[in-house]
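Colleague: I have a model to go through with you. Shall we start with the sheet and then turn to the helices and cores?

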Amino acid sequence: MTIGIVGTGLIGASIGMGLKAKGHRVVGFDLATENTDIAVRRYAIDEAVSLEEACLPDVVFVAVPPAATVAVLDAVYKARGRETLVTDTASIKADVVAWGAEKEWFVASHPMAGHEKGGPKFASNWLFRGAKWIICPGAAPASQMARLESVVKELDAIPVRLSAAEHDRTAAILSHLPHVLAGLLLETGAQLESTEASGGSWKDLTRVGGVDPDLWTQILLGNRTEVASVLGGYVARLGELQGMIEQSDKKGIEKWLKEMAKLKGKQK
């Protein structure tokens, strides 16, 4: 099978690496020739090609920033091969799924994996290992859905089907909120002269606090309804916890911690 990658940044190059390792031929295009040069050197793609050539393989992944995804999908879909299946990797799905509502050769998707540092130099063929890969059903027939799921499984990812609305709510809680909290923690830590005394909990919770500002501005604003809703509930709950601490509510705090321990035990 031949794979096309449009956008050879962290996600696109990692897809290329993973599928090349499975024996597929991978061609790639990126507006930034530096990205395709690195992708070739790191064996993420076999060849850097034009956008038109990158649209012709059996399966094409569009892995560009969220704000550019629909426009790039439009160009790719018009130039695609007769039996080319097109998918994307955008972290917000409402606009993408609406765009593809009547397109039988398109399946919207999003790998729930990433890295705090971007670009093809941080790509790896294990980035998606064990990660959920959300696939949003649209106009594509079951055979095309199964075709994409088969490719995703070759990356050792686990395909999960969700509607666009379910995806965006899920991403707001499981991905977007943690990134916001990591930034707020870093901001709070700046009150100290140094965080050298930090332990594992600080490092774990702030790992994604230094992400690409341009990319994450697009993500937070692109999913602003869900993110604002989740943040509203979070702020209210935080206020309640603050009240319990201020009032030395020992029973309340213990009860809350026990409930959280039960929730942690239930989570996979």
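Colleague: In which sense do β7 and β8 pair, and over how many bridges?

Modeller: Keep in mind that this is a predicted model. Ile-134 stands opposite Val-160 in β8. β7 and β8 are joined in the parallel sense, over 4 bridges.

Colleague: Which strands stand at the edges of the sheet?

Modeller: The sheet is open and has 8 strands, with mixed pairing. Their order is β3-β2-β1-β4-β5-β6-β7-β8. Each edge strand has a single partner, so one side of it is left without a neighbour in the sheet. The edge strands are β3 (47-48) and β8 (158-161).

Colleague: How many residues of β6 are buried?

Modeller: Take the two faces in turn. Phe-106, Ala-108 and His-110 point one way, Val-107, Ser-109 and Pro-111 the other, and all are buried. The strand is therefore largely enclosed by the rest of the structure. The count is 6 of the 6.

Colleague: How many bridges join β5 to β6?

Modeller: The two strands run parallel. Thr-87 stands opposite Val-107 in β6. The number of bridges joining β5 to β6 is 2.

Colleague: At about what angle to β5 does helix α4 run?

Modeller: Helix α4 covers residues 66-79. It lies across β1 (2-6), β4 (59-62), β5 (85-88) and β6. Its angle to β5 is about 170°.

Colleague: How far apart are the end C-alpha atoms of helix α7?

Modeller: Helix α7 has 26 residues, 164-189. At 1.5 Å a residue, it should span 38 Å. The model agrees with that, and the end C-alpha atoms are apart by 36 Å.

Colleague: Where does α7 bend?

Modeller: Several residues of α7 are buried, including His-167, Asp-168, Ala-171, Ala-172 and Ser-175. What covers the buried residues includes α5 (94-99), β6, β7 (132-136), α8 (200-206), α9 (213-222) and α10 (224-246). The bend is about 45°, and it falls at Ala-172.

Colleague: Is α11 largely in the open or enclosed?

Modeller: First the length: the 17 residues of α11 (250-266) should span 24 Å, and the end C-alpha atoms are 25 Å apart, which agrees. Then the burial: of the 17 residues, the number buried is 1. So α11 lies largely in the open.

Colleague: Which helix gives the most to the largest nonpolar core?

Modeller: That core has 29 residues, and Ile-15, Leu-19, Phe-61, Phe-128 and Trp-133 have the most contacts inside it. β1, α1 (10-21), β4, β7 and α6 (142-154) each supply at least two residues. With 6 residues, the one that gives the most is α1.

Colleague: How many residues are in the other core?

Modeller: This core lies apart from the largest one. Among its residues are Phe-29, Val-76, Val-96 and Cys-136. The total is 21 residues.

Colleague: Is Tyr-43 buried or exposed?

Modeller: Tyr-43 lies in the loop between α2 (33-41) and β3. Its phi is positive, near 60°, and it is not a glycine. The relative accessible area is 61%, over the 50% cut-off, so Tyr-43 is exposed.

Colleague: What is the phi of Asp-156, and how does its accessibility count?

Modeller: Asp-156 sits in the loop between α6 and β8. Phi is positive, about 65°, although the residue is not a glycine. At 36% relative accessibility, Asp-156 counts as partly exposed.

Key: Residues numbered from 1 in each chain as written. Predicted model: local features only at pLDDT ≥ 70, side-chain atom pairs only at ≥ 80, totals over all residues. Heavy atoms only, no water. Expected span 1.5 Å × (residues − 1). Bend = angle between axes of the 7 residues up to and from the residue. Buried < 20%, exposed > 50% of the residue type's maximum accessible area, 1.4 Å probe, protein only. Contact = heavy atoms within 4.5 Å. Pairing = 2+ DSSP bridges. Axes fitted to C-alpha atoms, helices over the stretch in contact; angles between N-to-C directions. Core = buried A, V, L, I, M, F, W, Y, C linked by side-chain atoms within 4.5 Å.
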